[in-house]
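The following exercises are to be worked with the sequence and the three-dimensional structure at hand. Each task is followed by a solution in steps.

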Amino acid sequence: MKRRRNAFHIEHIIPLHRNGSDELENLAFACDGCNSLKWTHIEWPDPESGQGVPLFNSRKEEWSVHFAWNDDFTTLTGLTPEGRATLDLVKMNQPGLVNVRKALIAIGVHPR
Ligand SMILES: [Zn+2]
């Protein structure tokens with residue numbers, strides 16, 4: 001029997017083995033790619049400084065403080081060390097995702 005792979009996962013922002021909880025404030029809806037790349041990480045090096053910094057926490061922090069779209073809405077820029085580290089870890093600007101964004105722009109559903 002073929003195992004069905006889910007497109008989205010309920011991700012623990014702070015993993016259970018690092019004393020994260022199952023409470024809503026510690027859970028995020030994540031695609032398979034992001035969830036797999038984040039794995040159990042809670043920090044990652046800022047590509048600019050090389051210093052390990054906490055990852056963006058979507059339950060506690062404001063997205064627009066840490067991220068911005070480029071002019072054509074195909075790539076994201078990290079505005080803070082945490083934003084840059086998060087984008088780097090989950091490979092948010094990899095060519096496949098940029099192509100998906102171009103397709104979404106073409107059919108009028110991105111950006112919103
Ligand atoms: Zn994702």
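The exercises below treat salt bridges, aromatic rings, the nonpolar core, the zinc site and the backbone.

The model is a predicted one, in which local features need pLDDT of at least 70 and side-chain atom pairs count only at pLDDT 80 or more, while totals for chains, interfaces and linings use all residues. Residues are numbered from 1 along each chain as its sequence is written, and side-chain values use heavy atoms, with hydrogens and water left out.

**Exercise 1. Salt bridges**

Determine how many salt bridges the structure holds, and state where the partners of Glu 11 and Arg 84 lie.

Solution.

Step 1. The criterion is a side-chain nitrogen of Lys or Arg within 4 Å of a carboxyl oxygen of Asp or Glu. Three salt bridges are present in the structure.

Step 2. Glu 11 is bridged to Lys 38 through their side chains, at 2.8 Å from N to O. This pair links distant parts of the chain, 27 residues apart: Glu 11 belongs to strand E1 (residues 8–12) and Lys 38 to helix H1 (residues 32–38). Helices (H or I, at least four residues) and strands (E, at least two) are DSSP runs, numbered from the N terminus. Both Glu 11 and Lys 38 are buried, where buried means under 20% relative accessible area, exposed over 50%, and partly exposed in between (1.4 Å probe, protein chains only).

Step 3. The side chains of Asp 46 and Arg 84 also form a salt bridge, again with 2.8 Å from N to O. Asp 46 is in the loop between strand E3 (43–45) and strand E4 (52–54), and Arg 84 is in helix H3 (residues 81–89), 38 residues apart.

Step 4. Arg 84 forms a salt bridge with Glu 48 as well, the closest N and O atoms being 3.6 Å apart. Because Arg 84 lies in H3 and Glu 48 in the loop between E3 and E4, the pair ties together parts that are 36 residues apart in sequence.

Step 5. Asp 46, Glu 48 and Arg 84 are thus linked in a network of salt bridges. Within this network Asp 46 is buried at 3% relative accessible area, Arg 84 is buried at 17%, and Glu 48 is exposed at 63%.

**Exercise 2. Aromatic rings**

Explain why the pair of Phe 56 and Phe 67 is classed as it is, and identify the cluster that ring pairs form.

Solution.

Step 1. Rings of Phe, Tyr and Trp (its six-membered ring) pair if their centres lie within 6.5 Å; planes under 30 degrees apart count as stacked, over 60 as edge-to-face and the rest as tilted. By this rule there are five aromatic pairs.

Step 2. The ring centres of Phe 56 and Phe 67 are 5.0 Å apart and their planes stand at 85°, so the pair is edge-to-face. Phe 56 lies in the loop between E4 and H2 and Phe 67 in strand E5, so parts eleven residues apart in sequence are tied together. Phe 56 is buried at 15%, and Phe 67 is buried at 5%.

Step 3. Trp 69 and Phe 73 form a tilted pair, with 6.4 Å centre to centre and 50° between the planes. Trp 69 is partly exposed at 29%, and Phe 73 is partly exposed at 32%.

Step 4. The cluster linked by ring pairs consists of Phe 56, Trp 63, Phe 67, Trp 69 and Phe 73.

**Exercise 3. The core and the zinc site**

Identify the residues of the largest nonpolar core and the residues that coordinate the zinc ion.

Solution.

Step 1. A nonpolar core is a set of buried Ala, Val, Leu, Ile, Met, Phe, Trp, Tyr and Cys residues joined through side-chain atoms within 4.5 Å. The largest has nine residues: Cys 34, Leu 55, Phe 56, Phe 67, Leu 76, Leu 87, Leu 89, Val 90 and Met 92.

Step 2. Donors are N, O and S atoms within 2.8 Å of the metal (3.2 Å for Na, K and Ca); water is not among the atoms, so sites may look incomplete. The zinc ion is coordinated by Cys 31 (SG) and Cys 34 (SG), at 2.1 to 2.2 Å. Cys 31 is partly exposed, at 28%.

**Exercise 4. The backbone**

Locate the cis peptide bond and state which residue follows H3.

Solution.

Step 1. The peptide bond from His 110 to Pro 111 is cis, with omega near -5°. Pro 111 lies in the segment after H4.

Step 2. Lys 91 follows H3 and has a positive phi, near 50°.
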